[in-house]
Amino acid sequence: MTSVSIGEAPPRQGPGRRLSTFLYRHPRVRLWALLALPGLWLGLVYIGSLIVLLLSAFWTTDSFTSELVHEFTLDNFRKIIETPVYRDVAVRTITMAAAVTVACAVLAFPLAYYMARIASVRTRNLLVVAVLMPLWASYLVKAYAWQVILSGQGVINWFLDPLGLAFDGRSNVGLWLVFTYLWLPYMVLPIYAGLERIPGSLLEASADLGGRSLRTFFRVTLPLVFPAVVAGSIFTFSLTLGDYIAPTLIASDQFIGTVIYREYGTALPIAAAYAMVPIAVIFGYLLVARKLKAFESI
Amino acid sequence: MTEPLVTRVLLRLGSAFTLGFLYFPLVVIGLYAFNGQVVQRWPIEEWSTRWFSVAFDNEGVRTALKNSVIVGLVATAIALVLGTLASMAIARFRFFGREVVTFAIILPIALPGIITGLALQATIKDVLGPWGVVFGLGTIVIGHATFCVVVVYNNVLARLRRTAGSLDEASADLGADSWQTFWFVMLPQMRTALLAGGLLAFALSFDEIIVTIFTSGAQQTLPIWMYSTLFRPSELPIVNVVALFVVVVSIVPVYFAQRLAGAEGITPTRTKQAASDA
């Protein structure tokens, strides 16, 4: 007990030890050593690539060889602003993103409310995992599953057929349904977290002051949870804007993603310029979300 | 309970509907894997497991699976190293530009995949191409590692926040050098967080298609094989089997990650919290 084991482990000697001592005395160097690799990777590979993409938007392609020509021009931006097709596609995509966001919020709210305020702790934890599992299940499989379900001989039309109805799955309504499905968990989780943070005493106070349950909901709960809905909408909005697989599988109309995907092989500068549209919309959206204090509820 | 009975019944129904909606397509595609016919008609008239052996023997599936596993393992390894280093810097230091670093880590999954994909494709073709870099498994790994860093980072950062820095100092006081402290004190504390982050990074990489299409060249991963085969109706039964397999392979790691790190560890929406509290 007295000598513990101090004698058995003498301080190590050698370059490793000296380096360690040096790092211990110089926390700045230690910090730089930690940040060097991730910083290089993200800075060079990722941010660097984004800068290359941004620059590509100002270049042009040789009309015969489709090779990139590194000459500064604003023609690409002029083209996407002036060509009606590009404008229509952008408007259609942004409208879709908004519609998907609303549908996700409507579907997510009852479940999130049930999880946060009614379910027992055990059920609540089970439900959180139950919402997270489909989120991680393969994105492509989910989109493909819907293609099968919505097809003429699929499950949906099998249900509708006896009623004399038919649903055209290959449509924007079908795509709206699929996007809503794909991003729904991203909406459930922030709303659940937001509702869970509302102290029960506030709702009781509202009831004590004569607020009926509907009134309490609209005057107390909803305003308090609104930033969380905005937080969830960042995901539903951003993910819809950039998607090109689901539109290819489900819809026949063009969306921002499908246009970029179609153009990039032959006309990279146009694709790059068009990619600035979702980036600009998302950054604008993030700025608004920040004003609404949404970041605190993610 | 302030909610009246009617509200509670309605909430229960609404929740059941939303949950059913979340699992419905996964169940349907699971059933189609056992469809004996080539035609994708509902209801399934002939049940069979014969497509499982057909899928297993398919050369394209085997190559794609092998590629997916290789890419997943290498990307996960890179993400583990980069994510751990970054989380140690963010958790234990206050420095100028800290917010920029956290922002750069979450950006790859905050921006739409098509942007990341297009940016990498432009860079590889236009900037790295003249240096002899060609599209292949290597470039797929570069893309995957970039967006996998964030899941490792999140898990390890959450763990480091919960464990006190005083343990590291105690270790130093007792005569350990930085390497010994890392190996005997920090690593045992981070072990399950690293495992959870690694499992999630693998699941993320195994499923990824949007960025992969832009960086893959002629190589196929399993999702790319699936996507290119979707347009060949005669091979759809094999796609169904592969789809079921992919769902199981991506959900199982998530289940274990959740057991190791709690539901918080597998919640992607937490990523922005890391940015906001920087």
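In the predicted model, the interface between the two chains brings 88 residues of chain A into contact with 77 residues of chain B. On the side of chain A that touches chain B, the element that gives the most is helix 2 of chain A (residues 27-56), with 18 residues. By residue class, this side of chain A comprises 66 nonpolar, 16 polar and six charged residues. For the model as a whole, the scores are ipTM 0.84 and pTM 0.85.

Confidence was then considered chain by chain. Chain A has a mean pLDDT of 85, with 94% of its residues at 70 or more, and for chain B the mean pLDDT is 85, with 94% of its residues reaching 70 or more. In chain B, the pLDDT falls below 50 over residues 271-278, a stretch that nevertheless has 21 contacts in the model beyond near neighbours in sequence. Among the elements of chain A, the lowest mean pLDDT, 76, belongs to strand 2 (residues 68-69), whereas the highest, 93, belongs to helix 4 (residues 84-118).

The domain assignment of chain A places residues 14-56 in domain 1 and residues 75-297 in domain 2, and the C-alpha centres of these two domains of chain A are 37 Å apart. Towards the end of domain 2, helix 13 of chain A contains 24 residues (268-291), for which a rise of 1.5 Å a residue predicts a span of 34 Å; the distance of 35 Å between its end C-alpha atoms agrees with this expectation. The buried residues of helix 13 of chain A include the run Leu268(A), Pro269(A), Ile270(A), Ala271(A), Ala272(A), Ala273(A), Tyr274(A) and Ala275(A), and, further along, Val277(A), Pro278(A), Ile282(A) and Ala289(A). After helix 13 of chain A comes Lys293(A), which has a positive phi near 60°.

Chain B contains 12 helices and zero strands, and its C-alpha trace spans about 70 × 70 × 30 Å along the principal axes. Of the 278 residues in chain B, 50% are buried. Among the contacts in chain B between residues at least 6 apart in sequence, 79% join residues that are at least 24 apart.

Helix 1 of chain B (residues 5-32) has 28 residues and, at 1.5 Å a residue, should span 40 Å, in agreement with the 40 Å between its end C-alpha atoms. A bend of about 35° is nevertheless found in helix 1 of chain B at Tyr23(B), with a proline, Pro25(B), following within four residues. Pro25(B) is itself buried, as are Leu11(B), Ser15(B), Thr18(B), Leu22(B), Ile29(B) and Tyr32(B) in the helix. In general, an α-helix has 3.6 residues a turn, so residues three or four places apart point the same way.

A further position examined in chain B is Leu137(B), which is found in helix 6 (residues 137-162). Leu137(B) is classed as partly exposed because 16 other C-beta atoms lie within 10 Å, a count between the limits of 12 or fewer for exposed and 20 or more for buried residues. Although Leu137(B) and Ser68(B) are 69 residues apart along the chain, their C-alpha atoms are separated by 9.1 Å. When neighbours within four places in sequence are left aside, the contacts of Leu137(B) are with Asn67(B), Ile70(B), Val71(B) and Gln219(B).

Technical notes. Residues are numbered from 1 along each chain as its sequence is written. Chains are lettered from A and ligands numbered from 1 in the order in which they are written. This is a predicted model: local features need pLDDT of at least 70, side-chain atom pairs count only at pLDDT 80 or more; totals for chains, interfaces and linings use all residues. Two residues are in contact if their C-beta atoms, placed from the backbone, lie within 7 Å. Helices (H or I, at least four residues) and strands (E, at least two) are DSSP runs, numbered from the N terminus. Ala, Val, Leu, Ile, Met, Phe, Trp, Tyr, Cys and Pro count as nonpolar, Asp, Glu, Lys and Arg as charged, and the others, Gly among them, as polar. pLDDT is the predictor's confidence in each residue, from 0 to 100. Domain bounds come from an automatic or database domain assignment. The expected span of a helix is 1.5 Å times one less than its number of residues. The bend at a residue is the angle between axes fitted to the seven residues ending there and the seven starting there.
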